[in-house]
Amino acid sequence: MNISLEKTCSLLEAANNVVITAHVNPDGDAIGSSIGLGTFLEEQGKNVKIVICDKLPRNLSFLHGYDRIQRSGDAEAFKDVDLLVILDTDMSRIGNLNELAKNAKTLNIDHHISNDQKADYLYLAKSSATAEIIFDVISYMKAPISADVAMALYTGIATDTGFFKYSNTRSSTMMAGAKLIEAGASPNVVSEAIEEKPLEIVKGQIEALSTLEITSNGRVAGMFLDYPLTSSLESTEGFIDLIRVIEGVEVAVFVKSVEEKVCRVSMRSKGFDVSKIAMKLGGGGHIRAAGCTLYMPLQEAKTTVLKEISDALESAK
Ligand code: AMP
Ligand code: MN
Ligand code: MN
């Protein structure tokens with residue numbers, strides 16, 4: 001059921017035992033909005049657990065609250081849960097929490113147009129980031145924002161907006177950023193932590209760039225990482241931005257083989273709707289940033305995704 005901001009706030013206010021989760025392969029928004037909401041609710045006297053069923057990126061460990069994130073849920077943790085809050089995704093990308101929380105009431109707070117609308121309660125907003133929605137929730141409740149909450153929410157907004165530069169940056173986004181700085185967020189601490197990379201990653205970018213292919217008459221740029229290269233790299237966050245900026249490129253695609261027959265696909269565009277392509281391939285996302293997982297070897301994944309992109313560009317002519 002789609003609900004309003006007001007109803008979202010009253011559900012959160014009424015709950016005492018809350019479990020918060022976010023999508024697998026978590027990014028700054030998934031983790032920032034989870035820690036931000038979790039810390040805030042705890043400050044309001046509630047029992048809160050944060051469970052994200054995947055590896056967490058190490059560069060977000062500067063956030064207070066990072067260490068308390070559980071990597072897997074157990075049935076015990078869900079015994080007396082009043083509310084399972086799912087952030088920055090729908091019910092399809094939260095690992096096995098769906099089964100564990102079978103009897104829990106679910107509140108989904110998200111900003112993806114591809115949301116499957118399966119939660120008991122869904123607050124879906126057109127915000128830049130889920131963290132911006134959490135900022136709206138706290139503001140609506142007229143509650144104070146602590147420095148830890150501010151840092152986490154600022155991080156979520158900054159990562160989803162490319163530090164306030166993508167088209168999802170609206171005046172309300174800047175306004176939220178300003179209020180979060182007033183509440184104690186430090187933009188330089190966030191950007192330094194997120195942008196700093198181990199030397200091996202920078203060297204990995206060189207290898208990744210050597211796989212660059214330009215297709216569809218210069219309109220598509222792709223990088224394709226095989227399993228040995230992918231598994232040698234701790235993170236490939238931001239790799240797609242290396243090719244997104246190429247002049248004339250409308251769609252950038254980054255495919256990495258995370259297992260021999262499992263490839264993760266990321267797409268970026270300058271306005272062309274890549275979420276439709278991702279949805280067709282079983283994934284989702286936003287108009288300008290979307291992704292999917294293909295259960296096939298790298299070469300097949302590459303052919304499949306390039307064909308879908310080329311067909312989509314052709315049929316849009
Ligand atoms: P990424 O390229 O991983 O940064 O993801 C870009 C956007 O696409 C994000 O908003 C993701 O939530 C979404 N996305 C990525 N992979 C998937 C997937 N397998 N299913 C649904 N949405 C996805
Ligand atoms: Mn996300
Ligand atoms: Mn997000």
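Is D88 buried or exposed in this structure? D88 is buried, with a relative accessible area of 1%, where buried means under 20%, exposed over 50% and partly exposed in between, for a 1.4 Å probe and protein chains only. Before I go on, please keep in mind that this is a predicted model, in which local features need pLDDT of at least 70, side-chain atom pairs count only at pLDDT 80 or more, and totals for chains, interfaces and linings use all residues. Residues are numbered from 1 along each chain as its sequence is written, chains are lettered from A and ligands numbered from 1 in the order in which they are written, and side-chain values use heavy atoms, with hydrogens and water left out.

Let me turn to the metal site. The manganese ion (ligand 2) is coordinated by H23 through NE2, by D27 through two OD entries and by D88 through OD, at 2.1 to 2.7 Å; donors here are N, O and S atoms within 2.8 Å of the metal (3.2 Å for Na, K and Ca), and sites may look incomplete, as water is not among the atoms. D88 coordinates both this ion and the manganese ion (ligand 3), and the two ions are 3.7 Å apart. D27 lies in the loop between strand 1 (17-22) and helix 2 (28-43), whereas D88 lies in the loop between strand 3 (83-87) and helix 3 (97-100), so the pair ties together parts that are 61 residues apart in sequence; helices (H or I, at least four residues) and strands (E, at least two) are DSSP runs numbered from the N terminus. D27, for its part, is partly exposed, with a relative accessible area of 22%.
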